[in-house]
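Reader: I have a sequence and a model on my screen and would like to go through the fold and the pockets with care. Could you take me through them one question at a time?

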Amino acid sequence: MSFTSAAFLIFAALTLLVYYTVPKRGQWIVLLVASFLFYWAAGGGYLPFIAVTILSTWLCALGIRRRDRLDEAYLAEHKADMTKEERKAFKNGAKKKKRPYLVGGLVFNFAILGVLKYTGFVLGGVNDLLSLFGDVSVTVPSLILPLGISYYIFRSTAYLIDVYWGKTEAEGNIAKYALFVSFFPAVLQGPISRHKDLAPQFFTPHKAEWSNLTEGGLRVLWGFFKKMVVADTAMIAVKMIVSSPTKLTGMYVLFLIILYSAVIYGDFTGGIDMTIGLSRMMGLRLAENFDHPFSSHSTQEYWNRWHMTMGSYFTDYVFNPLSISGPMKKLSKWSREKLGKTVGMRVPVYLATLITWFLTGLWHGASWNFIVWGLLNGAVILISRELAPLYAKFHKRFPGLREKAVYGGFCALRTFFLMGSIRILDCYRDVPVTFKAFGSIFYDFASWGDLAGGKFLHMLGLELWQCVVIALATVVVFLVCHRSKTKPVLTEISERPWLLGGVCALLIVIILIFGSYGIGFDAGDFIYQTQF
């Protein structure tokens, strides 16, 4: 049941109606039932997988809580009789006793994700190696990949780790915990909310407030606009360019960088707008996932603003623990002794960064293009870090340059094209083909003649009016985002009833006429919804 389908709109409307009709103490039960109905509609065979994740992480968290309480009770009773060293030794021992619950829960659930998502990729690589020794191969099984499995496993494992670290209290009611993991607006493409931030909101009574309904509803419409008018229309041209990698080169690849940036932004942020907007209509506030990423001046800043909940997951649960782990400390010591302080202090940071980005790429997809995409992002961040002293000297030589709008615009465009260039690995899906296509930008100048010859639009599969729609819609999105840096435009609009009615009516008309519901179009699934 895609978010853009009529069935989902009816389902969401009925859920809201029942949600605000039942007694407030039963609102969370309505959301739980709706979440499992939604996931069942996505594929009944997927239910056992999310159920197993819910049950396993819930039980492991309860095991951690039980150990914590037993150890706290023992320490409270014997603390006066213990020395400082004995208390420290007891706490270390207590931590080891609860560690099997954490490790068991993580290994079990990531094993499920690994088998279902990466078996085909691994066995495909094995077959490539076997082909070097003759006509030998292993059978690649056809496995189902439950929708949203990457998201709900990340959400539940983050909860388990937080319980282990003492950052959140273990939930004793499995039904309440199941709602946190399976909450239907966020189960398929995030955001990856933390338990301590989201779960308490489910069990707080919510009444139908005009501000929540209007601002949330307007944000849902805004998400439809970005997804169906910008992303789905621009995707027509993206598919045409990608389908002819040897023919549509040079200038077309440059336009692919721009067009696919519009596609992925409109598609992903549009879906997140629908998720956050629908949740807001229920009185729930989900974590924001984007913060004007295309205004970023650097790659590091870009990733602090793009898919922020994913970035914080990999930072908090992969990079930070890896950086201070025992093996990494030993590597750091060895590197300083053998390679010198300057080089040695960088080795652990570089390794932790590249491992984190390797896993980030692998999470995005079980193929080499995503792995290369992740490693390139990590490499660019590390190179930028190494160049920081040169940047400092440059700005010392030209003081005040950072404050100039022209320089800020240059930095934003530089980051946009750098990130867009790496991102086209997602389009071609073939690493050598991607690099060859990208290289053609710098030597295939004959393709620019198609602009003057009138072949350009025909080769992209677009009509002139579609180009105008994409351009105008992109400008509107840019202006709204730029204005929202001070105060969200959607909030300003929702506070003025007449303006709200006019904008909603206009968005609905534009979506129906120019969006994917229009003649000759088809509302496509969300990119992040189909991959994860």
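**Pockets, helices and backbone**

Author: Let us begin with the largest pocket of this predicted model, to whose lining α22 gives the most, with 8 residues.

Reader: About how much space lies in the largest pocket, and which residues are closest to its centre?

Author: The lining of the largest pocket holds 31 residues, and the elements that give two or more residues to this lining are α8 (210–243), α9 (251–281), α17 (405–423), α21 (456–460) and α22 (464–483). The space in the pocket is about 900 Å³, and the residues closest to its centre are A262, F294, F416, T474 and F478.

Reader: How do the residues of that lining divide into nonpolar, polar and charged?

Author: In the lining of the largest pocket, 2 residues are charged and 8 are polar. The nonpolar residues of this lining number 21.

Reader: Which element gives the largest share of the lining of the second largest pocket?

Author: The second largest pocket, with about 660 Å³ of space, is lined by 22 residues, and nearest its centre lie L106, F110, I161, Y317 and V318. Two or more lining residues come from each of α4 (84–130), α5 (149–165), α11 (308–323) and α14. By class, this lining has 19 nonpolar, 1 polar and 2 charged residues. The largest share, 9 residues, comes from α4.

Reader: How are α12 and α14 oriented to each other, and why?

Author: The axes of α12 (residues 326–339) and α14 (residues 347–364) come within 8 Å and cross at roughly 135°. Angles from 65 to 115 degrees count as roughly perpendicular and those over 145 as roughly antiparallel, and the crossing angle falls in neither class. The two helices, α12 and α14, are therefore oblique to each other.

Reader: Which residues of α14 are met by residues of α12, and how many residues in the contact are charged?

Author: On the α12 side, the residues in the contact are M328, L331, S332, S335 and L339, and the residues they meet in α14 are V347, P348, L351 and A352. By class, the contact of α12 with α14 has 7 nonpolar and 2 polar residues, and the number of charged residues is none.

Reader: How many helices and strands does the protein chain have, and what is its radius of gyration?

Author: The secondary structure of the protein chain comes to 25 helices and 0 strands, and along its principal axes the C-alpha trace spans about 90 × 70 × 65 Å. Because a compact globule of 532 residues would have a radius of gyration near 24 Å, the value for the protein chain agrees with that expectation, at 26 Å.

Reader: Where is the cis peptide bond, and what is its omega?

Author: Most peptide bonds are trans. The cis bond runs from G190 to P191, and P191 is found in the loop between α6 (174–182) and α7 (195–202). Its omega is near 5°.

Reader: What are the phi values of H292 and R429?

Author: Most residues other than glycine have a negative phi. H292 lies in the loop between α9 and α10 (299–305), while R429 lies in the loop between α18 (425–428) and α19 (431–439). Neither residue is a glycine, yet phi is positive in H292, at about 50°, and in R429, near 65°.

Methods
Residues are numbered from 1 along each chain as its sequence is written. This is a predicted model: local features need pLDDT of at least 70, side-chain atom pairs count only at pLDDT 80 or more; totals for chains, interfaces and linings use all residues. Side-chain values use heavy atoms; hydrogens and water are left out. Axes are lines fitted to C-alpha atoms, for helices over the stretch in contact, and angles run from 0 to 180 degrees between N-to-C directions. Helices (H or I, at least four residues) and strands (E, at least two) are DSSP runs, numbered from the N terminus. Angles under 35 degrees count as roughly parallel, over 145 as roughly antiparallel, 65 to 115 as roughly perpendicular and the rest as oblique. Contact means heavy atoms within 4.5 Å. Ala, Val, Leu, Ile, Met, Phe, Trp, Tyr, Cys and Pro count as nonpolar, Asp, Glu, Lys and Arg as charged, and the others, Gly among them, as polar. On a 1 Å grid over the protein atoms alone, a cavity is a set of points where a 1.4 Å probe fits but cannot get out, and a pocket is an open set with protein on both sides within 12 Å along at least five of seven lines; lining residues have an atom within 4 Å of a point. Grid points are joined across faces, edges and corners, and a volume is the space filled by probe spheres set on the points. The radius of gyration is taken over C-alpha atoms; the globule rule is 2.2 Å times the number of residues to the power 0.38.
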